[in-house]
Amino acid sequence: MKDLVEIELGGKTRHLRFDFNAAALAEQEMSRFWGKKTTIDSVREELGKRLVSTADLRALLWAGLYHEDITLTIEAVGKMIESETLAETFGKVWTAINRHLLGVEVSPFPTAAKGVKKKTASEVSGRSPEST
């Protein structure tokens, strides 16, 4: 199918797809992480700014792979991600989400310029360090 993005994870060729169900799963997880209701459009906007945490990327990968294996857990997806291919993985998620949202092929996300910005624990939780 044209909306699938091939990705190598966990020693296996897998296929990312951000159909309606994957978008809903991503919205639910990102809303939980960010502490506010969010949409797949706002997730895409944050991806474009590279303002995603490793937890965000892991959840997006899980949502995009869910159609292929509903038994896959977020934690299992996290074990598949390798730091050496993090930029490539980020680019594949970017491509898959854009195919769904825009309905067209987009140029790959530039992976060489910057890495995925890691958020601090307080940024992820939305709480200041003093409140913990």
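Buried residues (under 20% relative accessible area with a 1.4 Å probe and protein chains only; over 50% is exposed, and in between is partly exposed) make up 38% of the protein's 132 residues. The model is predicted, so to speak a calculated object throughout: local features need pLDDT of at least 70, side-chain atom pairs count only at pLDDT 80 or more, and totals for chains, interfaces and linings use all residues. Residues are numbered from 1 along each chain as its sequence is written, and side-chain values use heavy atoms, with hydrogens and water left out.

**Overall layout**

- The protein has six helices and two strands, and reading along the sequence gives β-β-α-α-α-α-α-α. Helices (H or I, at least four residues) and strands (E, at least two) are DSSP runs, numbered from the N terminus.
- About 7,600 Å² is exposed, with carbon and sulfur atoms supplying 53% of it. Accessible areas come from the Shrake-Rupley method with a 1.4 Å probe, and for residues only the protein chains shown count as cover.
- Take the contacts (heavy atoms within 4.5 Å) between residues at least 6 apart in sequence: 62% of them join residues at least 24 apart.

**The β1–β2 hairpin**

- Strands β1 and β2 (residues 12–16) run antiparallel and are joined by five bridges; two strands pair if DSSP finds at least two bridges between them.
- Valine 5 has leucine 16 in β2 as its bridge partner, and glutamate 8 stands opposite threonine 13 in β2.
- Two residues sit between the strands of this hairpin, and glycine 10 takes a positive phi near 60°.
- Side chains along β1 alternate: Val5, Ile7 and Leu9 are buried on one face, while Glu6 and Glu8 point to the other and are not buried.

**Helix α1**

- Helix α1 covers residues 20–34, and its 15 residues should span 21 Å at 1.5 Å a residue, which agrees with the 21 Å between its end C-alpha atoms. The expected span is 1.5 Å times one less than the number of residues.
- Buried positions in α1 are Ala22, Ala23, Leu25, Ala26, Glu29, Met30, Ser31, Phe33 and Trp34.
- As background, an α-helix has 3.6 residues a turn, so residues three or four places apart point the same way.
- Just after α1, glycine 35 takes a positive phi of about 75°.

**Helix α3**

- Nine of the 12 residues of α3 are buried, so this helix is largely enclosed by the rest of the structure. The buried ones are Asp56, Leu57, Ala59, Leu60, Leu61, Trp62, Ala63, Gly64 and Leu65.
- Cover for the buried residues of α3 includes β1, β2, α1, α2, α4 and α5.
- From first C-alpha to last, α3 reaches 17 Å, close to the 16 Å expected at 1.5 Å a residue.
- Alanine 59 lies in α3 (residues 54–65) and counts as buried because its relative accessibility is 0%. Leaving aside neighbours within four places in sequence, alanine 59 is in contact with Glu29, Met30 and Phe33.
- The C-alpha atoms of alanine 59 and glutamine 28 are 9.8 Å apart, with their positions 31 residues apart along the chain counted as separation.
- Leucine 65, also found in α3, is buried at 1% relative accessibility. Not counting residues up to four places away in sequence, leucine 65 touches Leu9, Arg14, His15, Leu16, Leu72 and Val77.
- Leucine 65 and valine 5 are 60 residues apart in sequence and 10.0 Å apart C-alpha to C-alpha.

**Core and rings**

- The largest nonpolar core (buried Ala, Val, Leu, Ile, Met, Phe, Trp, Tyr and Cys residues joined through side-chain atoms within 4.5 Å) has 32 residues, and Leu16, Phe18, Met30, Leu47, Leu60, Leu61 and Val93 touch the most other members. The elements giving two or more residues to this core are β1 (5–9), α1, α2 (40–48), α3, α4 (74–80) and α5 (86–102).
- Leaving aside neighbours within four places in sequence, phenylalanine 18 is in contact with Ala26, Leu60, Ala63, Gly64, Val93, Ala96, Ile97 and His100.
- The structure holds one aromatic pair: the ring centres of tryptophan 62 and tyrosine 66 are 5.7 Å apart and the planes are at 70°, so the pair is edge-to-face. Rings of Phe, Tyr and Trp (its six-membered ring) pair if their centres lie within 6.5 Å; planes under 30 degrees apart count as stacked, over 60 as edge-to-face and the rest as tilted.
- Tryptophan 62 is buried at 11% relative accessibility, whereas tyrosine 66 is partly exposed at 29%.
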